[in-house]
Amino acid sequence: MNKIVHLYKATLVITLVIFSACSKEFLNPDPKGTLMEETYYSNPEEAFAGLVSVYDPVGWQTAVTYFNFGALNAASDDHVAGGGGPNDMETWQRWSNYTLNESIGPQQDYWDRNFTGVSRANIFIKKLETGIPGLSDALAARYLAEAKFLRGYYYFDLVRLFRNIPFYTEPLTTDNMREQTQVAPEVVYAQIEQDLKDAIAVLPPTVPAATEGGRVTKGAAQALLGKVFIYQKKWSEAATQLAEVNGTPGGTSQYGYHLLDEFEDVFRPDNKFHSEAIFEIVHSAVGALDWGAWGVFYGNVATVMFGPRGYSGPSYYSGWSFCPITEELYNLLHYDPRFKATVADVDSLEKIGEAQYEKGYMNTGWFIQKYAPLTEFAATNGVRELNYPQNYIEIRLADTYLLEAEALVESGQGGGAGSRAYQLLNAVRNRVGLGPIEATLDNIFLERRKELATEGHRWYDLIRSGRAPAALGDRGFVAGKHEVLPIPYNELLNTQLEQHEAYR
C-alpha cells in the first residue's frame, strides 16, 4: 500500500475542502489549505470540513487515469478504448483489450481513490465517536451515518474490482500500516452491510437540492445496500431493500423518486437532482480551473474524453474521442426510442455535410451522447474542457427497478404478466413507449444494456452474471482471471499483500 501510505499515518496531513458559503451545491468545494489531522476537529465547522473531505474522493476524475466511469466503459463490449492512438491512455487500452498486468492498467487509480475514501472515513468516524466540541448530537449522528455510507461505498467498489483486499475500520498507524493482509470478500461485505444498515437508520429521507444536493439520503443507502445484496446473490434481501426505494412501479416512491417523463431529460446538465436520481456525483463549473489544477477539477472531465476529436459542427465541441460505441451496441439501439439520447451519430452528420471530425483510434463514428460535451453548456470561465457542469448519476431509479426485477426472478417469484418483476421491467419500457414483455433474466439484462448504455454499468453486469467470457472473449478476456483487476504493483512492495494467482 505504498502509494497511499501517507494516508494512514497518525500525523496524517489531509487536504480539507470547505463548503463554500455562497455555493448552492454541497460538493462545490473551496480549498482552504492543509491542516494536521491530529489537531483538527475542534469545532463544528472543522467537523463539517472533515465530512466534505470524506465525500471528496467520490468525485475524483483525474488521479491519473480514473476519469470516473470511462475506464469501465472501455472494458465492456459496448465500447472500445479509442483516443488518439494505441498508447493514448494506455491503462484504458490495456483493460479494453485485456492485456493489463500488475504494472499497467487502471487499478492503481481505483485503489487509491477508494482507499483514500476508506482512510478518511475511518479517521472521521473515530473523531465523531470520540466527540467533537460544540457539535450537536443530531449533527454528529447524521455525519456518522454519512461517513458510514461512504465507507461502505468505497469498500464496495474495492471488493467488486479486486475481491481480496486489505480491510480495516480503524485509522492505521506507522506501526501496523505495512502489516495489513487481505481478507475474504465475505468479511468486507459483512461490514458494508452493517455500515449501510447503520446509515439507513439515521439518514434523512430527502435533502433540499438547492443547499444539500449531493449529500446521501436514506433512499441512496437502501439502493446501495440492495446492490450489495445483488452481488452476493442474496436475492430476497435485495428485493426487499430495493422495493423500499422503488415503491409502486411507474408511480412515486416514499422518497419522491419517479421516472422522468422524457428519457433525454435524465442527463441534461441543467436538470440536476431530479426525481430519478438516487445517488448523484456533483460536477460544477464554479471552480473555473485550468490545467494547473490537475487532480482537483470540479467539472465533469469525462465529457471531453468522450467527445469526437477535432470536431467542427453543431451541438458539440471538440473532444478526445475515447470510448467510441461498438457496432454491436449501435445496432442494438438503432431503432430503440432511446437511441438519440444515447448515441451521438457523428458519422451520419459528416456524411450529410453538417460536421467534420478527426478519426481517432478505433473510430466507429458513434460517440456517447448522454455525457457529450455540448456547446450549450460549455463553461465560459477557466479551461472549457475541465469545467463542464454535468453531474454523473451513479444510481438512478431505472437501474433499481431492473435490479429489483432481477432479484425477484432469481428468488423464484416469477416474471409473468401481473407479477411485480413484470411491472418493474415494463415501467422502464413504457416510459420510452415500448410494449410489455415477460420479465425473464435475458430480457432484464437486455433492457439494462439498452437503458443504462454508456453509464458504466455494463462491465459489472457482465462480470456478476457470468456472461463476460462470452461477451468479451474476442477481446482477450480470460475466465477466472479478468473478473478482477490485479493488485497494483506498488502496493505489493514491502507489504503483506499477495497478487491474485491468475496474475502471477
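**View 1. Who lines the largest cavity of this predicted model, by residue class**. The lining of the largest cavity in this predicted model holds 11 nonpolar, 3 polar and 6 charged residues. About 220 Å³ is the volume of this largest cavity. Of its 20 lining residues, D157, R160, Y392, E394 and Y460 are the closest to the centre. If you are tracing secondary structure in the close-up, look for α4 (107-130), α5 (137-162), α8 (218-231) and β8 (392-396), the elements that each give two or more residues to the lining of the largest cavity. The largest share, 4 residues, comes from α5. For context, a search of the whole structure finds 4 cavities of 30 Å³ or more.

**View 2. The second largest cavity and its ten-strong cast of named residues**. Here the enclosed space is about 60 Å³. Its lining is made up of D78, F445, R448, R449, L452, A453, T454, H457, R458 and D461. Two helices, α16 (441-451) and α17 (458-465), are the elements that give two or more residues to this lining. With 3 residues, α16 gives the most. Sorted by class, the lining of the second largest cavity has 3 nonpolar, 2 polar and 5 charged residues.

**View 3. Helix α17 in its surroundings**. This close-up stays with α17, one of the elements met in the previous view. Of its 8 residues, 7 are buried, so α17 is largely enclosed by the rest of the structure. The buried residues are R458, W459, Y460, D461, L462, I463 and R464. You may recognise some of them: R458 and D461 also line the second largest cavity, while Y460 is among the residues closest to the centre of the largest cavity. Just after the helix, G466 takes a positive phi of about 75°.

**View 4. The second largest pocket**. This view turns from cavities to a pocket, the second largest, which holds about 440 Å³ of space. Among the 26 residues that line the second largest pocket, those closest to its centre are E264, K340, A341, Q369 and L374. Both α12 (339-342) and β6 (343-345) supply at least two residues each to the lining of this pocket. By class, the lining of the second largest pocket divides into 12 nonpolar, 4 polar and 10 charged residues.

Terms used
Residues numbered from 1 in each chain as written. Predicted model: local features only at pLDDT ≥ 70, side-chain atom pairs only at ≥ 80, totals over all residues. Heavy atoms only, no water. 1 Å grid on protein atoms, 1.4 Å probe; cavity = no way out; pocket = protein on both sides within 12 Å on 5 of 7 lines; lining within 4 Å. Points joined across faces, edges and corners; volume = space filled by probe spheres on them. Nonpolar A, V, L, I, M, F, W, Y, C, P; charged D, E, K, R; others polar. Buried < 20%, exposed > 50% of the residue type's maximum accessible area, 1.4 Å probe, protein only.
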